[in-house]
Amino acid sequence: MTDELQILILEDRISDAELMMHELRREGIQFKAKRVWTKAEFLAELRNAPDMILADYSLPAYDGLSALKLTQEERPDIPFIFVSGSLGEETAIAAMHHGARDYVLKQKLARLGPAVRRALQESEAVREQQRAEAQIRHLNEVLQSVRDVENLIVRERNPEKIFAEACKILVRTRGYQLVWVGLVVPDSKRVIPAASAGLGADYLKAITVTWDETVTGRGPVGTALRQRKVSVCQNTATDPDFASWREQALARGYESVAAAPMIHAERLFGAIAVYADRPKAFDDKELHLLKELADDLAFALQSIEDEQERKRAEANYRSIFENAVEGIFQTTPDGRFLAANPAIARMFGYGSPAELISAVTNLAQHMYVDADHRTEITRRLERDGEVTGFETQGRCKDGRIIWASINSRAIRDATGKTRYYEGTLVDITAHKRSEEALRNAEALYHSLVENLPQCMFRKDLSGRLTFADRHHCQMLGRPLEEVLGKTDADFYPAEMAEKYQRDDERVIKSGEKFETIEKNYGSDGQERFVNVVKTPLRDADGQIVGVQGVYWDVTERQRAEQERVRLATAVEQAAESIVITDANGTIQYVNPAFEQISGYTRQEALGQNPRVLKSGKHDAAFYKAVWDTLLRGEVWHGHFINRKKCGEIFEEDASITPIRNNAGNIVNFIAVKRDVTQEVALESQLRQSQKMEALGTLAGGVAHEINNPINGIMNYAQLISDRLPPDSVLRKFTTEIIKEADRVAQIVRNLLTFARKEKPLRQTTSLNDIINDSLGLMRTVMRHDQITLALDIPEGLPPVDCHAQQIQQVVMNLLTNARDALNEKYPQYHENKIILMAARRFKKEDRPWIRLTVEDHGPGIPREIRTRLFDPFFTTKLGKGGTGLGLAISHGIVKDHSGELHFDTETGHFTRFHVDLPVSEEKQP
């Protein structure tokens with residue numbers, strides 16, 4: 001021992017006291033001793049709080065048992081040891097019952113030194129436990145304060161009320177002298193109080209707080225705002241940065257102050273400050289929870305502002321929506337109205353939007369004159385995301401037909417799936433009628449004025465134009481008077497004019513007709529193709545006096561031919577599989593992508609039926625439905641699970657289109673198919689990820705709800721324990737209740753960590769210890785069910801880096817599942833009612849691993865549910881207490897530890913679950 005003990009000796013004989021002190025010095029204990037032998041002396045020295053009391057049992061003027069009772073009343077934390085020469089066994093037991101730590105006979109003083117050391121150690125352990133319990137109670141109170149504030153934020157939407165009630169909660173639950181919330185003033189460094197509670201609220205009127213670098217900005221509030229983190233003044237009387245407020249604070253009993261900034265998404269709202277009546281009132285955990293509370297308040301402020309802004313935006317949108325001249329709508333992809341404004345209802349003759357939405361349940365059938373237009377709009381929306389200026393005819397409530405121009409766009413969610421379409425609709429009936437009248441007038445004019453639709457010209461032997469019809473003048477972009485007498489060189493590029501001249505000379509020299517398709521440029525400068533026919537121009541004597549020509553625009557035909565060539569090239573080079581069959585389904589064409597995907601060459605496929613790809617995954621009804629659709633002349637869209645030439649299964653999204661001849665008969669089918677095998681696999685992974693995310697969300701919610709009753713159980717158990725006598729047998733049960741409730745609380749914290757996607761604290765832990773702890777909890781249950789536990793667990797397994805309680809949770813879950821399986825197969829005792837638990841080392845990728853196996857000879861796992869075994873909420877124990885979360889959470893825990901959870905099973909015989917974990921890096925050789 002290094003510290004000097006203060007020992008009080010109650011002994012009337014000096015020699016006996018000196019013998020005690022001699023024995024203590026021989027033991028190496030450093031001390032100062034004070035001997036007393038009367039009650040008054042003993043009481044006076046007891047109030048000086050000695051570290052140890054050594055007392056004789058019988059004294060002339062006083063007795064040791066009375067001194068013990070007095071010590072237990074005044075200072076029960078001071079260890080008390082009887083040192084007597086005549087203490088009998090019954091008397092010693094009574095003394096120990098009244099609180100004595102030990103007794104030593106004077107004739108055996110060699111025991112005194114060890115007894116003193118042991119008593120001091122026990123006292124220190126008791127004091128440490130009391131400190132720990134006090135800290136737990138303190139943190140529970142802080143947590144309850146935070147929860148009260150969080151509940152307030154959920155139910156209240158008025159910031160002023162939130163601030164005021166939050167301050168009251170902290171004063172009420174934490175006993176703070178003063179709590180206040182300050183908000184930063186925009187575009188300044190001032191802080192203004194928004195709410196306060198507690199003693200001395202007039203303090204806020206007497207002080208100035210800023211968050212700049214001046215003296216009024218160096219306190220806890222200003223520093224917290226400026227540095228954007230929690231700031232604390234643990235002693236207002238000595239902290240130099242608190243000088244500006246010291247006098248006012250000390251006058252009101254404020255001896256320490258802490259402040260936390262209210263920040264959300266980098267936005268600084270203000271700070272919350274708490275004042276305590278003692279120095280050093282705030283430890284790290286309380287400051288952390290104060291920061292969490294400040295963040296909650298900032299989040300509440302931001303969410304309230306967002307909600308108010310959303311309401312303003314909705315009001316503005318509603319005003320535009322209700323008063324717009326254009327029709328505004330929202331529809332589902334399958335053709336139902338979600339919303340419509342009054343303008344569109346009036347446009348189609350309905351009394352209100354509600355009447356329109358109720359009456360029109362299928363847009364294509366009820367409102368479109370041509371239902372295919374609706375199909376075309378949805379096709380473009382899905383392909384391009386928007387449609388502009390789409391003109392169509394609509395049917396009104398009273399049967400009238402109107403013309404409308406539609407602008408629409410597809411609204412999609414985060415995954416790209418279409419949620420709905422929205423857009424505007426304008427009545428263009430009057431405009432369309434004007435256009436129709438204009439077209440009729442133009443048709444009448446052309447029928448009267450125009451003689452030929454082609455362009456026509458004549459040239460003399462020198463190449464000068466002697467005639468040009470209106471169309472040719474238009475092509476040149478010149479009036480007739482500016483065309484006559486000119487040559488091609490006056491209108492076309494030199495290279496083109498020379499080509500025209502050579503063609504003219506050919507006709508003149510040969511006297512024969514010349515026809516070609518060539519490039520031409522009109523007055524707009526656009527390149528086009530024309531079909532030209534040139535013939536010799538003869539006079540009355542038959543002499544060639546020039547050339548006459550006729551040409552017409554064949555640009556579209558030429559481009560169509562080029563497009564056909566490009567299309568053929570695109571089909572050949574397309575990544576999608578393209579198959580063309582005759583009306584009987586015999587393959588007539590496949591592109592290279594088909595060969596690559598299916599493994600069949602073009603020669604092998606031609607003449608075959610597509611049934612060569614059948615995998616057996618579709619029944620006859622599926623194929624009948626496909627053919628029924630196609631034979632009705634409709635396009636079939638769907639999904640095939642097919643088999644390649646090599647036997648490998650692959651999946652395709654396909655569109656099969658019937659092709660009709662001029663008589664309307666189906667002569668071919670064209671199938672365009674896309675290999676989506678990889679996409680299907682990715683979708684499956686995505687669904688599993690979404691399930692786990694849903695589990696995380698549920699786990700977080702459940703964990704928060706469990707926390708309150710668990711804290712109640714622990715607190716009530718502690719209260720019971722505190723009120724029990726030290727030797728009560730019930731203390732063992734209350735201790736176990738607290739221990740097990742704490743373990744449940746730890747599991748709840750694990751669920752919260754899982755829900756928040758945070759990593760729990762891990763340590764290098766012996767797997768032997770985890771297994772032994774798990775078995776210690778399960779052995780009683782196994783014995784009750786007459787189940788034998790067979791163990792093959794070597795000692796000295798290498799440690800793993802893990803969260804021990806999580807791995808223990810996995811082990812206990814696997815043991816529980818094995819127990820349930822055996823009880824299902826063997827309700828009573830059976831010699832095969834055995835659970836084998838084994839552990840072994842192995843290597844994987846040159847790294848040491850440990851495999852823990854739990855095996856039972858129960859009914860095994862049916863084949864049809866094996867793929868769903870780790871799905872959240874999937875259970876075969878409905879009505880038997882199963883939740884479907886055990887294996888899902890266990891799988892997530894093992895995976896989070898970079899391990900693997902897998903199983904072997906044979907229906908009717910056995911099931912083995914394996915937990916593979918990597919050995920700690922620090923312990924690898």
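Helices are DSSP runs of H or I with at least four residues, and strands are DSSP runs of E with at least two, both numbered from the N terminus. By this assignment, the protein chain of the predicted model contains 27 helices and 32 strands. Of its 925 residues, 41% count as buried. The accessible surface of the protein chain amounts to about 51200 Å², and carbon and sulfur atoms contribute 51% of that area. Among contacts between residues at least 6 apart in sequence, 55% join residues at least 24 apart.

Strand β25, which spans residues 666-675, pairs with two other strands of the chain, β21 and β24. With β21 (residues 577-582), the pairing is antiparallel and extends over six bridges; here Asp582 has Asn668 of β25 as its bridge partner. With β24 (residues 649-660), the pairing is likewise antiparallel and comprises nine bridges. Within this second pairing, Asp653 stands opposite Arg674 of β25. Strands β24 and β25 form a hairpin, with five residues between them. In the turn of this hairpin, Gly664 adopts a positive phi of about 90°. In a regular strand, side chains point alternately to the two faces of the sheet.

Aromatic contacts were examined next. A search of the whole structure yields 17 aromatic pairs. One of them is formed by Tyr176 and Phe282, whose ring centres are 6.1 Å apart with 35° between the planes, a tilted arrangement. This pair links distant parts of the chain, 106 residues apart: Tyr176 belongs to the loop between α6 (159-174) and β6 (178-184), and Phe282 to the loop between β10 (267-276) and α10 (284-323). Both Tyr176 and Phe282 are buried.

A further pair involves strand β25. The ring centres of Trp627 and Phe669 are separated by 5.5 Å and the planes meet at 90°, so the pair is classed as edge-to-face, the class that applies to planes over 60 degrees apart. Because Trp627 is located in helix α22 (residues 620-631) and Phe669 in strand β25, the pair ties together parts that are 42 residues apart in sequence. The accessibility of these two residues was also computed. Trp627 has a relative accessibility of 33% and therefore counts as partly exposed, whereas Phe669, with a relative accessible area of 3%, is buried. Ring pairs also join Phe622, Tyr623, Trp636 and Phe640 into a cluster.

On the surface, Val729, Leu730 and Phe733 make a nonpolar patch of about 320 Å². Leu730 is part of helix α24, which covers residues 730-756. Its relative accessible area is 44%, so Leu730 is partly exposed; this value also exceeds the cut-off of over 30% relative accessible area that is applied to patch residues. Helix α24 also contains Val744. Val744 has a relative accessible area of 32% and is therefore partly exposed. The C-alpha atom of Val744 lies 7.5 Å from that of Ile710, a residue 34 positions away along the chain.

Note on methods
Residues are numbered from 1 along each chain as its sequence is written. This is a predicted model: local features need pLDDT of at least 70, side-chain atom pairs count only at pLDDT 80 or more; totals for chains, interfaces and linings use all residues. Side-chain values use heavy atoms; hydrogens and water are left out. Buried means under 20% relative accessible area, exposed over 50%, partly exposed in between (1.4 Å probe, protein chains only). Contact means heavy atoms within 4.5 Å. Accessible areas come from the Shrake-Rupley method with a 1.4 Å probe; for residues, only the protein chains shown count as cover. Patches are made of residues with over 30% relative accessible area and no salt bridge: like charges are joined within 9 Å, nonpolar side chains (Val, Leu, Ile, Met, Phe, Trp, Tyr) within 5 Å. A salt bridge is a side-chain nitrogen of Lys or Arg within 4 Å of a carboxyl oxygen of Asp or Glu. Two strands pair if DSSP finds at least two bridges between them. Rings of Phe, Tyr and Trp (its six-membered ring) pair if their centres lie within 6.5 Å; planes under 30 degrees apart count as stacked, over 60 as edge-to-face and the rest as tilted.
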